[in-house]
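User: I am new to this structure and would like a close look at a single part of it. Please take one helix and its surroundings, and then place a few other parts beside it.

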Amino acid sequence: MAIENILMPQLGESVTEGTIEKWLVKPGDTVAKYDPLAEVNTDKVTAEVPSSFAGVIKELIAQEGETLAVGSIVCTIEIEGSATTEAPVAAVHAQEEPANEMPAAGSQKPVESLNREKGKAAGRYSPAVLRLSQDNGIDLTLVEGSGKEGRITRKDLLAIIESGNIPTAAAAPVVETSAPVAPVAVTQTAPTQTAAEPVNAPIAAGDIEIPITGVRRAIASNMLRSKHEAPHAWMMIEVDVTNLVQYRDSLKNDFKQKEGFNLTYFAFFVKAVSQALKEFPMMNSMWAGDKIVLKKDINISIAVASDDALFVPVINHADEKTIKGIGREIQELAGKVRTGKLKSAEMQGGTFTVNNTGSFGSVQSMGIINYPQAAILQVESIVKRPVIMAGGMIAARDMVNLCLSLDHRVLDGLVCGQFLARVKEILENVSADNTSVY
C-alpha cells in the first residue's frame, strides 16, 4: 500500500488559494479516480476537487472553512501500489511547521515565519497567511486562531485588517549580548474586538441570521482585497445616447425575429468600451507588484447577478466581435449564471469589467474594481432629461452616466478622461449610417 497526497488545485490562471467549503468524503471512504472529494471556493468560482487516485481516504488535512494556497495538501489517500510509508507526508508537515525556536544571531529569517507556540498548536502558517501577515505587519504570535487546534486562518487575518486592530511587534532595542533578543510585543489600542473574535452584530428578537455561503464568502474576500490593495479613484461622464436609442428601437423587433434574442443597449456599450480599449491600451492593464502588465487581449468581464450571488463571466476578444456577437454572448453567459451552468473557464482571463447597473434603475454608482484588473465601468440607467442644445434650445434627450472606478497605482486622470471621452464619442455617433450590428 502507498500513501498519496491530494493537493489544492489551481482553479484559474490568477487563483493562488482556495477555501474548503465542504468535505464530500471522510476517512475510511473508498473512492474511485476522479470522484469529487470536496467543494472548494475561490474568489472566482466554486468547484469540486477530484481524486487523482483510486483508494481509501486516509486523513483530511484541511478543515472546512480553511483557506490554503494552491499546491497545499488537502488530504491523503491510501492506494494499491509499491510499499511505502507515510514519511513523505510527514516530511511535508515538517516543512510547513518550522522548529519552535528563535533564529540564530545574525539570521535574516522573518519573525513571522517562526513556529512560536502560545500554549496551543498554532504554528502551521499557510503561505497565504504568511503573505497576508507580512503585507500588513501582523505579528502572528499575537493572533488567536479559529482553525483546528488554534491554527490561524486567512479569515482570522482579514477580520483583523477589517477591524483596524493590528497586533504588531515593536523593534527590540539594540543591546550587546551573545544571545538573540526577542522583540517586545505591543498591540494597537483601537477600541475594537480582538482578531480571534467574530464580528458580533447585535441580534434582537425577530432578527434572522443568514449563514454565509461559500460564494458570498468568496465575493466578500475578493471585494475586501480589492479595496485594501487598490487605491480607488472615481470619474463620471454623461453621454447623450438619443441617437443610439432611436437606432436600437428601429432594429429591435426585426432583430429579435431574425436572431431569436433581444438586441440590448448593453451590447452597444460593451462594443464601444472594447473599441476604446484598443485605442487606450493602458486602460486594459493590471498591477503586478514591481511592474504594470498591458494585456494583449481585450476580454470584457460582465457582472451578472443570480438570486444570491454575483458572477463575472468573460467575453473574450470583445474587440473582434460584432454588436450582434457580443449581444448573443451576453445572453448565453447570463443564462448559464442563472441556471447554475457557468463553468470556471468562462470566468477566467478578464481584463476590464463593464457592469450594467442601469438595469436596476441606478443613475450613479461607484463600483469596486474586479481585482486584479485596473478599472470597472458602471453603465447607468438611460434617462430622458431636458438638455440645453446648441443655440440655447431645450430638448428632451436620452442621457446616461458612465461611472469609472480606477486603480490609481496603474491609471491617472488624464488617460481615464481621454478614454471616457472616446467612449462618449463612439456612443453619441451611433446611427444607421455609420453603425452596423452585424
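Analyst: What follows describes one helix and its helical neighbour, then a sheet, then a single residue in a strand.

The model is predicted. The helix chosen is α3, which covers residues 154-163. Its neighbour here is helix α4, made of residues 214-229. How do the two axes lie to each other? They come within 12 Å and cross at roughly 50°. Angles under 35 degrees count as roughly parallel and those from 65 to 115 as roughly perpendicular, so α3 is oblique to α4. The crossing of these two helices is left-handed.

Which residues make the contact? On the α3 side they are Arg154, Lys155, Leu158 and Ile161. On the α4 side they are Arg217, Ser221, Leu224, Arg225 and His228. By type, the residues of this contact comprise three nonpolar, two polar and four charged.

Is α3 mostly covered or mostly open? It is mostly covered, with seven of its 10 residues buried. Among the buried ones are Arg154, Leu158 and Ile161, and each of these three also takes part in the contact with α4. The other buried residues of α3 are Asp156, Leu157, Ile160 and Ser163. Directly after the helix comes Gly164, and its phi is positive, near 85°.

Elsewhere in the chain there is an open sheet of four strands. Their order is β5-β4-β2-β7, and the pairing is antiparallel. The edges are held by β5 (46-50) and β7 (67-69); each has a single partner strand, so one side of each has no neighbour in the sheet. From one strand to the next, the twist averages 45°. Within this sheet, β2 (residues 17-23) pairs with β4 (residues 36-41) in the antiparallel sense over four bridges. In that region Ile20 stands opposite Val40 of β4.

The last part is Leu294, a residue of strand β13 (residues 292-294). Is Leu294 buried or exposed? It falls in between: buried means under 20% relative accessible area and exposed over 50%, and Leu294 has 46%, so it is partly exposed. Leaving aside residues up to four places away in sequence, Leu294 touches Pro281, Met282, Asn284 and Ser285. Met283 is 11 residues from Leu294 along the chain, and the C-alpha atoms of these two are separated by 8.3 Å.

Note on methods: Residues are numbered from 1 along each chain as its sequence is written. This is a predicted model: local features need pLDDT of at least 70, side-chain atom pairs count only at pLDDT 80 or more; totals for chains, interfaces and linings use all residues. Side-chain values use heavy atoms; hydrogens and water are left out. Axes are lines fitted to C-alpha atoms, for helices over the stretch in contact, and angles run from 0 to 180 degrees between N-to-C directions. Angles under 35 degrees count as roughly parallel, over 145 as roughly antiparallel, 65 to 115 as roughly perpendicular and the rest as oblique. A crossing is left-handed if the near helix is turned anticlockwise from the far one by less than a right angle, and right-handed if clockwise. Contact means heavy atoms within 4.5 Å. Ala, Val, Leu, Ile, Met, Phe, Trp, Tyr, Cys and Pro count as nonpolar, Asp, Glu, Lys and Arg as charged, and the others, Gly among them, as polar. Buried means under 20% relative accessible area, exposed over 50%, partly exposed in between (1.4 Å probe, protein chains only). Two strands pair if DSSP finds at least two bridges between them.
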